[in-house]
Amino acid sequence: MAIAADSTAEQAPNPAPHEPSDEPRKAPDQPDRGEDNGADLDEEEDVAEELDGPAAYKEKVKAVFRRLHAEPVGIRVHDVIIRGNFKTRGSLIEAEVADLLRSAGTVQGLVRASSHANALLRRLDVFDSVSITLDAGPPEFPGTANVTIQVVEAARPYNRGIFFFPKKEVISWPVEGWFMLKNLFGYGDMWDVSGEYGWDQSSKIDIGVYLPRLKSIPTPLTARASILSEDWLKFSSYKERLLGLKFGLLSTWHHNLSYDLAWRTLTDPSQMASESIRRQLGHNLLSALSYAYKIDKRDSEFRPTKGYAFVSTSQVGGLWKNGLRFFRQEFDVRGAVPFGFCNAALNAGISAGVILPLGRRFMELSSPVPDRFYLGGLSSPVCSLGVISSLLGFKTRGVGPSEPRRSVPGESVTVDAAASTGRDYLGGDLAVSAFADLSFDLPLELFRENGIHGHAFLCAGNLAKLSEGEFKNFSFPEFRRTFRSSAGVGIVFPTSLFRMELNYCHILKKHEHDHGKSGIQFSFSLE
């Protein structure tokens with residue numbers, strides 16, 4: 001009897017189907033029907049033999065399963081056989097699952113280990129299908145099993161795509177494209193290149209490689225090189241240019257460790273930046289180590305109806321001499337509770353973050369403007385796990401501390417300056433945001449079949465500056481009193497690329513220089 005674990009079926013122990021043979025089935029007490037015995041069975045005996053064979057086989061299977069349910073059955077893996085890997089290295093497959101399979105000491109444990117191994121191999125994303133079959137070991141080694149891993153390598157070893165996606169403003173839809181090669185050298189390696197270009201002349205080019213395993217290192221490794229050009233003139237009077245490298249050092253279900261090394265340049269072509277922005281213009285070296293811990297027990301990332309999630313992200317900058325020195329910490333916790341009618345569920349979450357410069361008299365120093373926290377924009381708070389940014393109804397970088405831009409007498413006003421609010425938004429060293437979102441099915445069956453649903457939401461958040469001696473003016477009662485908030489209702493349209501929301505937002509509370517207003521707003525989040 002063989003037990004199979006297949007990627008296209010439920011991962012449960014099932015007996016392998018009885019394979020038909022061209023030869024007539026032989027009953028246990030009947031002699032061989034060869035030319036030597038000269039005995040021919042009549043037609044009735046043949047029919048009885050065909051009927052008795054499957055019945056006896058089924059009875060044996062039932063007996064085996066009764067024993068498996070009654071008590072643990074000891075077993076040892078004798079051999080792991082890999083088939084179908086014409087390009088993928090066998091050493092990669094063995095490194096992923098061999099120890100897991102050999103650690104099983106019972107039949108029940110081996111079935112569970114096979115199911116887990118199947119999931120690990122499918123997660124490599126280089127196989128179209130994976131099946132694992134358990135067979136009895138050699139007769140001379142009783143109590144053993146052979147594990148056969150049958151893989152079908154991906155018929156199309158590449159992915160590509162191109163689409164438009166709004167990032168900052170509804171009217172700015174940058175075009176994004178990517179191309180990925182899978183398993184180029186047979187080590188499960190992923191090579192990709194991606195690019196992005198916006199109508200505001202912002203651009204980004206990324207080249208990266210992903211290795212699921214390198215020799216004896218059990219964790220995946222990644223490396224990325226990127227060139228970034230970001231235009232923040234409209235919001236904060238500077239343009240950012242960045243040439244950087246990013247290395248993924250540790251990646252597991254809950255832990256992620258990475259290192260960033262980048263050369264960053266801030267410029268002000270408009271020459272109208274506020275004093276705080278002008279002090280940060282020029283070249284800087286970013287050398288930072290980041291660690292993230294994540295737990296996500298929700299049933300969906302884009303429409304959770306139950307479960308909870310928690311993310312903690314820590315970043316330390318200044319590992320190299322003369323680099324930007326700071327410490328950045330974020331927390332995000334949220335949960336979902338079902339109501340039991342109309343597929344309704346309440347999602348609620350709270351996020352908090354702080355960034356502090358490092359060095360002597362650090363509270364008198366300034367934190368890097370691009371690394372501060374900003375509120376506002378188009379992202380849905382439900383889908384922005386681990387990111388402090390969403391505050392529906394407010395524009396991108398439209399909340400928090402700001403300074404008036406300087407005026408240059410006798411010079412013409414640029415288009416960007418004319419379109420701006422006349423102030424630079426500086427971001428915050430301390431940020432807190434919270435949301436509550438009630439989702440529910442709409443009455444039309446067409447909407448329910450396509451995942452289109454309604455929601456009502458409430459958002460709140462605030463920013464405060466602590467660096468450059470501003471901590472002396474900070475007080476928690478004032479911070480609570482100056483919270484911005486908004487509420488609204490909308491319809492959610494899920495697509496294959498992103499989640500789109502059409503919302504009516506009503507500003508409940510804002511301050512003099514905040515950039516937000518009540519009305520219709522589109523919100524987007526990547527799927």
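**View 1. Accessibility and surroundings of G105 in the predicted model.** G105 has a relative accessibility of 45%, so this glycine counts as partly exposed, the class between the cut-offs of 20% and 50%. Its place in the chain is the loop that joins α2 (90-102) to α3 (107-123). Leaving aside residues up to four places away in sequence, G105 makes contact with V73, G74 and I75. V77 is separated from G105 by 28 residues in sequence, and the C-alpha to C-alpha distance between G105 and V77 is 8.3 Å.

**View 2. The ring pair F479 and F483.** A pair of aromatic rings is described by the distance of the centres and the angle of the planes. The model holds eight aromatic pairs. In the pair of F479 and F483, the ring centres are 5.5 Å apart and the planes meet at 80°, so the arrangement is edge-to-face; the cut-off for this class is over 60 degrees. F479 counts as buried because its relative accessibility is 7%. F483, at 21%, counts as partly exposed, since buried requires a value under 20%.

**View 3. The cluster around F479 and F483.** Ring pairs connect F474 and F476 with F479 and F483, giving a cluster. Within this cluster, F479 and F483 form an edge-to-face pair.

**View 4. R397 with W232 and Y374.** R397 is placed over the face of W232, with a distance of 3.8 Å to the ring centre. The charged end of R397 also sits over the ring of Y374, and here the distance to the centre is 3.8 Å.

Methods
Residues numbered from 1 in each chain as written. Predicted model: local features only at pLDDT ≥ 70, side-chain atom pairs only at ≥ 80, totals over all residues. Heavy atoms only, no water. Phe/Tyr/Trp six-rings, centres within 6.5 Å; stacked < 30°, edge-to-face > 60°. Buried < 20%, exposed > 50% of the residue type's maximum accessible area, 1.4 Å probe, protein only. Lys NZ or Arg CZ within 6 Å of the ring centre and 35° of its normal. Helix = DSSP H or I, 4+ residues; strand = E, 2+ residues; numbered from the N terminus. Contact = heavy atoms within 4.5 Å.
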